[in-house]
Amino acid sequence: MQIDRIDLFHVRMPLIYPWRTAYGEDADIEAVLCRLTSGSVCAWGESAPFAAPCYSPEWAGGAFAVCKQWLAPQLLHQDVTSGDDLQQRLAFFKGNSFAKAALDTAWWNLHSRLVNKPLHQLLGATRDNAPVGADFGVMDSIDDLINAIGPAVAEKFPRVKLKFRPGWDVPMLEAVRKNFPTEVFHIDCNSGYRIKDLPLFQTIDKFNLAMIEQPLRHDDVVDHAELQRAIKTPVCLDETIAHPDHATLALRLKSCRYVNIKPGRIGGLTNAVKVHDMCQAAGIPCWVGGMLESGTGANLCVALGMLDNFIYPADIFPSSRFYHVDMAEEPLELVKDANGIPSVKAPVHIPDPHPDQLAKLTVQQATLK
Ligand code: MG
């Protein structure tokens, strides 16, 4: 497709309450939105690296600048024929996966509109419904956490993810397991530990967790492999897999037994499908995560999450969990599947940002035409 115009928006979306993890605390989610126009048709992409370079080395202000100055000019007035073609045009810029994802996700959404076929089908999915899990950040007290998990279990969420960081660690897990002895739990360490903490993770084996997500450095595959050899609980990589080449390394070194795939972190939907397929061939199950995107970006994650090897329930949330008003024209809502399990339905159409909300939340904007 010919790219006639590119609009970029850096937005700041206030959360209902702060998102607390091992890497810090966010009161707002900062994202880059990209609108690609071809002829009379346009579509949006979204990528949410957050305000500061704490989850990964990227941040929303930086991703916006990289898109504006370097990436978008490579695509403007070009005939970009596929996701692979887009990635190849951007490949000589190193890293900057979140920035590339803003453009890549917009390309896929625009492609879906131009050929009039739902995105999940274009990505290769055959189902149109997928289960989601519940997810709890660091709270003020363990009692607050236990009180929050109860309703999630009652609502039949098939698994619960718990943030895990120094000071919110083994005593928290002991309390959770005492109250919920048989439910499926996993922890997400957001790269908060190092290989010297191996004895801590050996202790954690007794809690029978589904997995330990990103225990060690955000860019490590070697220490994760050593950790995985030393513990029974599966290791899941998230932050480490910022590019398909990282997945190749992790699979070769056996650094993990699960991979969390986020379209933003991995450079877009093109790379997400690539890593999904590589993991499937290697017998490694995946699951989709999000970065608390608006309904626009969250629906891009939902479409991806319909692929076959997304076996573990997704980290996708209804808009009302985090936002008083979602920036998108339609908020994301959960449905119940035939067994009463909270699920997401494949979007027929990815909602655009609502123009009024977008105007209200925009920090900076650029147009290339
Ligand atoms: Mg994670």
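**Exercise 1.** How many residues does the largest nonpolar core have, and which of them have the most contacts inside it?

*Solution.* The model is a predicted one.
Step 1: the largest nonpolar core has 98 residues.
Step 2: those with the most contacts inside this core are Ile6, Leu103, Leu162, Ile204 and Leu304.
Step 3: domain 1 (5-116 + 354-368) and domain 2 (121-345) both give residues to the core, so it lies between them.
Step 4: apart from this core lies another, of 22 residues, among them Tyr23, Ile29, Phe322 and Leu361.

**Exercise 2.** List residues with which Leu103 is in contact, leaving aside neighbours within four places in sequence.

*Solution.* The contacts of Leu103 include Ile6, Cys34 and Leu36. Also among them are Cys67, Leu71, Ala72, Leu75, Leu86 and Leu90.

**Exercise 3.** Identify the protein donors of the magnesium ion and locate them along the chain.

*Solution.*
Step 1: Asp188 (OD), Glu213 (OE) and Asp238 (OD) are the protein donors, lying 2.2 to 2.3 Å from the ion.
Step 2: along the chain, their spacing is D-x24-E-x24-D.
Step 3: strand β7 (residues 185-188) holds Asp188 and strand β8 (residues 212-213) holds Glu213, so the pair ties together parts that are 25 residues apart in sequence.
Step 4: Asp188 is buried, with a relative accessible area of 1%; Glu213 is buried, at 0%.

**Exercise 4.** Is Pro215 buried or exposed, and where is its place?

*Solution.*
Step 1: Pro215 has a relative accessible area of 0%; under 20% counts as buried, so Pro215 is buried.
Step 2: Pro215 is in the loop between β8 and α8 (222-230).
Step 3: Pro215 and Val235 are 20 residues apart along the chain, with their C-alpha atoms separated by 7.8 Å. Val235 is one of the residues in contact with Pro215.

How values were computed
Residues numbered from 1 in each chain as written. Predicted model: local features only at pLDDT ≥ 70, side-chain atom pairs only at ≥ 80, totals over all residues. Heavy atoms only, no water. Core = buried A, V, L, I, M, F, W, Y, C linked by side-chain atoms within 4.5 Å. Buried < 20%, exposed > 50% of the residue type's maximum accessible area, 1.4 Å probe, protein only. Domains from an automatic or database assignment. Contact = heavy atoms within 4.5 Å. Donors = N, O, S within 2.8 Å, 3.2 Å for Na, K, Ca; no water. Helix = DSSP H or I, 4+ residues; strand = E, 2+ residues; numbered from the N terminus.
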